[in-house]
Amino acid sequence: MPRKNLSSNRRSVFFLIVSQALFLCLVNPVSYSQDQLKAKKSLKDWHCVRGKEFARDSKGQAIWLGTDDMMGLVIDKSPLKLPLLLGKNNLQGIVNIDVLIGENGKVKCIRAVKGHPFAISSAIDAVPNWKFKPYTVDGVPSGVLGEMEIPYDFRR
């Protein structure tokens, strides 16, 4: 009999920990100050882009496309999927991500910048499956860096 109570207590503690973690995620979405956002545009801390080729301006600085330009390159996309653990909710908003699109139009690198953790997770899963038109520089396909604001609506 004591073993059954111990197992029940473990389940209760596990449920308590999981519910608190979910609550914290819902209350505290990831958010960065403007200074942090500027610092994130540094490619030094984005290890995925090291050694990758992408468009640069005449000064050798990386060319960053904005959301409108990036969405104009999208050929095929899938929507963000509702996270399984979310259940009933009122989550809606925007996820900000940075992406590196290769010269073939496929996502090579992706990183989260701002947004709710559940939405970021969904975006990180969905966007690599999107297909983009190759970005061209003087008619030659080139990789390109872009900032994307992706809306989501997980309300049920």
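## Talking through a predicted fold

Modeller: Let's begin with contacts in this predicted model: among those between residues at least 6 apart in sequence, 76% join residues at least 24 apart.

Biologist: Good start! What pattern does the protein chain follow, read along the sequence?

Modeller: The chain holds four helices and eight strands. Put in sequence order, these elements give α-α-β-α-β-β-β-α-β-β-β-β.

Biologist: And what share of the residues is buried?

Modeller: The chain has 156 residues, and its accessible surface comes to about 10,200 Å², with 55% of that belonging to carbon and sulfur atoms. Counting a residue as buried when its relative accessible area is under 20%, the buried share is 33%.

Biologist: Let's look at the hairpin of strand 3 and strand 4. Which residue in the turn has a positive phi?

Modeller: Strand 3 covers residues 92–101 and strand 4 covers residues 107–114; the two run antiparallel and are joined by six bridges. Ile 101 stands opposite Val 107, and five residues lie between the strands. In that turn, a positive phi of about 90 degrees belongs to Gly 105.

Biologist: Which element gives the most residues to the largest nonpolar core?

Modeller: This core has 26 residues, and those with the most contacts inside it are Ile 97, Trp 130, Phe 132 and Met 148. Two or more residues come from each of helix 3 (67–73), strand 3, helix 4 (117–126) and strand 8 (144–153). The most, five residues, come from helix 4.

Biologist: Which residues does Ile 97 touch, leaving out those up to four places away in sequence?

Modeller: One group is Ile 110, Arg 111, Ala 112 and Val 113. Ala 123 and Val 127 are also among the partners. The list is completed by Gly 146, Glu 147, Met 148 and Ile 150.

Biologist: How many residues are in the other core, the one with Trp 46?

Modeller: That core lies apart from the largest one. Among its members are Trp 46, Val 49, Ala 62 and Leu 100, and its size is eight residues.

Biologist: Now Phe 54: is it buried or exposed?

Modeller: Phe 54 sits in the loop between helix 2 (34–40) and strand 1 (64–65). Its contacts include Leu 43, Val 49, Ala 62, Leu 100 and Leu 145. Its relative accessible area is 8%, and the cut-off is under 20%, so Phe 54 is buried.

Biologist: How far apart in space are Phe 54 and Gly 102?

Modeller: In sequence these two are 48 residues apart. From C-alpha to C-alpha, the separation in space is 7.4 Å.

Methods: Residues are numbered from 1 along each chain as its sequence is written. This is a predicted model: local features need pLDDT of at least 70, side-chain atom pairs count only at pLDDT 80 or more; totals for chains, interfaces and linings use all residues. Side-chain values use heavy atoms; hydrogens and water are left out. Two strands pair if DSSP finds at least two bridges between them. Buried means under 20% relative accessible area, exposed over 50%, partly exposed in between (1.4 Å probe, protein chains only). Contact means heavy atoms within 4.5 Å. A nonpolar core is a set of buried Ala, Val, Leu, Ile, Met, Phe, Trp, Tyr and Cys residues joined through side-chain atoms within 4.5 Å. Accessible areas come from the Shrake-Rupley method with a 1.4 Å probe; for residues, only the protein chains shown count as cover.
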